[in-house]
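Hello,

Here is the structure I promised to hand over. Please open it and keep it beside you while you read on.

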Amino acid sequence: MDFPSHFDVIVVGGGHAGTEAALAAARMGVKTLLLSHNIETLGQMSCNPAIGGIGKSHLVKEIDALDGAMGLATDKAGIQFRTLNSRKGPAVRATRAQADRILYKAAIRYQLENQENLWLFQQSAEDLIVEEGAARGVITQTGIRFNSKTVVLTAGTFLGGVIHVGLQNHAGGRAGDPPSIGLAEKLRALPFRVDRLKTGTPPRIDARSVDFSLMQAQPGDDITPVMSYMGNRAMHPRQIECFITHTNERTHDIIRRGMDRSPMYTGVIEGVGPRYCPSIEDKIVRFADKNSHQIFIEPEGLTTHELYPNGISTSLPFDVQIELVRSMKGMENAHIIRPGYAIEYDYFNPQDLKYSLETKHMPGLFFAGQINGTTGYEEAGAQGLLAGLNAALLSQDKEAWTPRRDEAYLGVLVDDLISMGTKEPYRMFTSRAEYRLILREDNADMRLTEKGRELGLVSDQRWAAFCKKREAIDLETQRLKSSWIMPNSSEAEAINPKLEAPITREYSLLDLLKRPSIEYADIAGLKNGLEEAIDEQVSEQVQIAVKYAGYISRQADDIERLRRQENTPLPEDLDYSSMEGLSNEVKQKLTQARPATLAAASRIQGITPAAVSLLLIHLKKRA
Ligand code: FAD
């Protein structure tokens with residue numbers, strides 16, 4: 001039979017993890033199959049069609065730096081772009097885009113269909129082919145066997161998925177899609193630790209039934225930020241406004257009255273939900289003293305009237321949903337197009353994974369995305385890319401690669417999941433990273449693209465663009481270093497009004513840029529600045545490197561010191577129980593394990609980098 005049935009990598013599931021996994025494996029040059037329930041739902045955004053946000057855009061840019069799809073798809077589909085935390089430092093600045101759901105899916109589909117080495121196939125995977133304990137392929141619902149060297153499973157919320165609306169529930173992978181019952185049962189029979197989580201989504205509203213004049217308009221940024229290092233503003237479709245309304249006392253009363261039919265509060269749902277994206281009923285209970293919550297009304301696209309009311313995710317019965325929606329300003333006559341619902345699903349304890357995302361119990365089987373206990377497209381996409389890459393490497397008998405915590409948010413994500421596990425849907429925040437000033441969203445390419453190229457992930461086109469950018473940064477930094485402004489010169493006169501006091505000695509442009517009141521734009525044109533306007537990505541890197549040089553080098557020193565000290569021996573008689581600053585759990589684990597070195601301590605489940613730093617301080621005090 002000509003039909004291809006042997007692959008190096010099979011990816012099950014065409015969501016955000018699966019599409020990045022399949023693309024990454026195929027970019028590595030290995031024969032890859034992406035098997036998903038429905039080709040029409042490849043790259044589907046199950047919840048809000050928004051990409052990025054604090055901590056999350058860092059992951060998108062890292063995916064992009066490794067030539068993944070999410071960033072470019074966002075530039076092609078984003079209908080409102082904003083820079084969050086724009087007044088704060090670069091470490092916590094983040095890009096967020098509201099996407100057109102249809103354009104986003106089309107952009108992902110385009111990349112998949114035009115990727116060499118990648119085959120797409122629409123079927124449900126029902127079972128794994130296992131040989132000598134290792135995953136060696138999958139069997140579909142109609143019994144087709146696909147053999148492979150490795151399998152990446154990215155089934156999202158579909159494993160044992162149960163959808164709840166009020167006290168009614170039914171099996172489903174997400175509204176309108178079937179669950180994966182057969183595969184879930186097969187996996188439950190293996191020695192993985194499985195538990196249940198839940199997530200939810202709000203009812204969607206028909207824009208024609210909404211009075212926007214009663215709401216506050218929320219436009220995007222005038223100068224729209226760009227998500228991909230290979231993207232540009234010209235790619236962005238037409239930009240539109242979002243709106244803001246609020247819940248009120250009446251809304252909260254309606255919700256409280258409906259609680260006796262809430263699956264969450266009557267014990268029907270057992271899975272734990274996302275703490276940082278709670279349902280509206282959760283918010284009313286947890287923040288009982290608040291009499292109003294802000295609700296963002298976000299369009300789902302340019303060619304649809306569907307609106308996403310961000311902030312009222314709910315699994316209350318449908319009649320309560322109608323009442324609560326209509327109690328808000330501007331929504332008095334709102335028509336609900338799709339009811340909100342909650343979904344419970346199986347997830348695997350990520351502590352059963354290696355850092356490559358290969359499972360510890362079954363060689364050749366990788367897990368990525370929501371099934372590892374995370375929530376969010378970005379978290380899923382980042383894991384997918386890593387799992388696809390490592391599956392491809394394994395299929396070539398090559399060593400796995402995972403970035404360290406000081407190299408990428410992706411490293412933080414994987415390390416958090418594997419060292420601590422998770423009991424609730426895990427989402428990324430900048431606060432989870434110790435080395436925020438080094439792991440910025442603006443420099444993900446500087447951190448990762450070279451490594452991506454070495455691994456075989458990065459295309460010639462991106463590599464050429466990256467090298468050009470890196471060279472331009474070096475050249476411009478050199479120019480600033482070697483261009484001097486003399487007192488009383490015409491350049492000094494141009495710059496003096498920006499300074500607290502006029503300059504009285506010669507200054508390099510680089511030294512001037514260190515001054516808080518001076519921006520790159522103020523000095524760009526001085527001393528024969530480049531003839532053509534310098535690329536914004538280049539000037540941004542130059543400016544941040546100069547202005548934050550002190551902090552960045554201090555953080556780099558910390559990383560270096562910690563790395564050097566990893567081999568520091570931990571004396572056998574250390575009394576962990578008396579060490580200040582360590583949690584009881586950490587003290588207990590260290591006392592039990594008695595690791596020989598700091599490196600060994602850092603690998604114990606639940607021993608965070610912060611705990612390792614404290615250990616170091618104690619050792620120094622002892623010395
Ligand atoms: P998914 O995007 O779910 O993709 C899974 C894919 O696998 C699907 O294409 C499916 O068809 C396919 N598949 C499954 N089983 C099989 C099989 N056996 N054979 C073949 N194909 C299979 N995230 C947030 O950040 N905030 C939120 O508020 C939020 N709310 C959500 C609400 C709902 C109702 C849902 C369903 C998800 C929500 N999410 C939210 C999560 C976000 O959608 C996911 O984290 C993200 O989509 C996970 O990506 P994934 O690739 O792991 O899985």
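Below is what was found in it, beginning with the ligand and moving on to the strands and one helix.

Please keep in mind that this is a predicted model.

**The ligand**

A good place to start is the ligand and its shell. There are 34 residues around the ligand, and Ala-17, Ala-125, Ser-180, Gln-370 and Gly-376 come nearest. Sorted by kind, the shell holds 13 nonpolar residues, 20 polar ones and 1 that is charged.

Which elements should you look for here? At least two shell residues each come from α1 (16-27), β2 (32-36), β12 (194-201), β19 (341-348) and α9 (377-395). The largest share is that of β12, with 3 residues.

Several backbone atoms can be picked out beside the ligand:

- His-16 has a backbone N or O atom 3.0 Å from an oxygen atom of the ligand.
- For Ala-125, a backbone N or O atom lies 2.8 Å from a nitrogen atom of the ligand.
- At Gly-200, a polar backbone atom is 3.3 Å from a ligand nitrogen atom.

How much of the ligand's accessible area does the protein cover? On its own the ligand has 980 Å² of accessible area, and the protein covers 96% of this.

**A sheet of 6 strands**

Next, please turn to an open sheet whose 6 strands follow the order β14-β15-β16-β17-β13-β18, with antiparallel pairing. Its edges are β14 (216-218) and β18 (336-338), each of which pairs on one side only. On average, neighbouring strands in this sheet are turned by 35° against each other, ignoring direction.

Strand β13 (residues 204-206) is a handy one to follow. It runs antiparallel to β18, and 2 bridges join the two strands. Another 2 bridges join β13 to β17, again in the antiparallel sense. Ile-205 takes part on both sides: its bridge partner in β18 is Ile-336, while in β17 it stands opposite Leu-307.

From there you can step across to β17 and its other neighbour. Strand β16 (residues 294-299) runs antiparallel to β17, and the two are joined by 4 bridges. One pair to find is Ile-297 with its bridge partner in β17, Pro-309. A hairpin of 6 residues makes the connection from β16 to β17.

Is strand β17 largely enclosed or left open? Buried here means under 20% relative accessible area. In β17 (residues 306-310), 4 of the 5 residues are buried, so this strand is largely enclosed by the rest of the structure. As background while you look at the strands, side chains in a regular strand alternate between the two faces of the sheet.

**A hairpin to look at**

Strand β10 (residues 162-165) pairs with strand β11 (residues 168-171) over 4 bridges in the antiparallel sense. Val-162 in β10 stands opposite Ala-171 in β11. Between these two strands of the hairpin there are 2 residues, and Gly-166 in the turn has a positive phi of about 60°.

**A buried residue in helix α16**

Last, please find Gln-543, which has its place in helix α16 (residues 536-547). Is Gln-543 buried or exposed? Its relative accessible area is 15%, so Gln-543 is buried. As for its side chain, Gln-543 makes a polar contact of 2.8 Å with the side chain of Glu-519.

I hope this helps you find your way around.

Best wishes

Note on methods. Residues numbered from 1 in each chain as written. Predicted model: local features only at pLDDT ≥ 70, side-chain atom pairs only at ≥ 80, totals over all residues. Heavy atoms only, no water. Pairing = 2+ DSSP bridges. Axes fitted to C-alpha atoms, helices over the stretch in contact; angles between N-to-C directions. Near = heavy atom within 4 Å. Polar contact = N/O pair within 3.5 Å; in protein donor to acceptor, adjacent residues only side chain to side chain. Areas by Shrake-Rupley, 256 points an atom, 1.4 Å probe, with all protein chains shown as cover. Nonpolar A, V, L, I, M, F, W, Y, C, P; charged D, E, K, R; others polar. Buried < 20%, exposed > 50% of the residue type's maximum accessible area, 1.4 Å probe, protein only.
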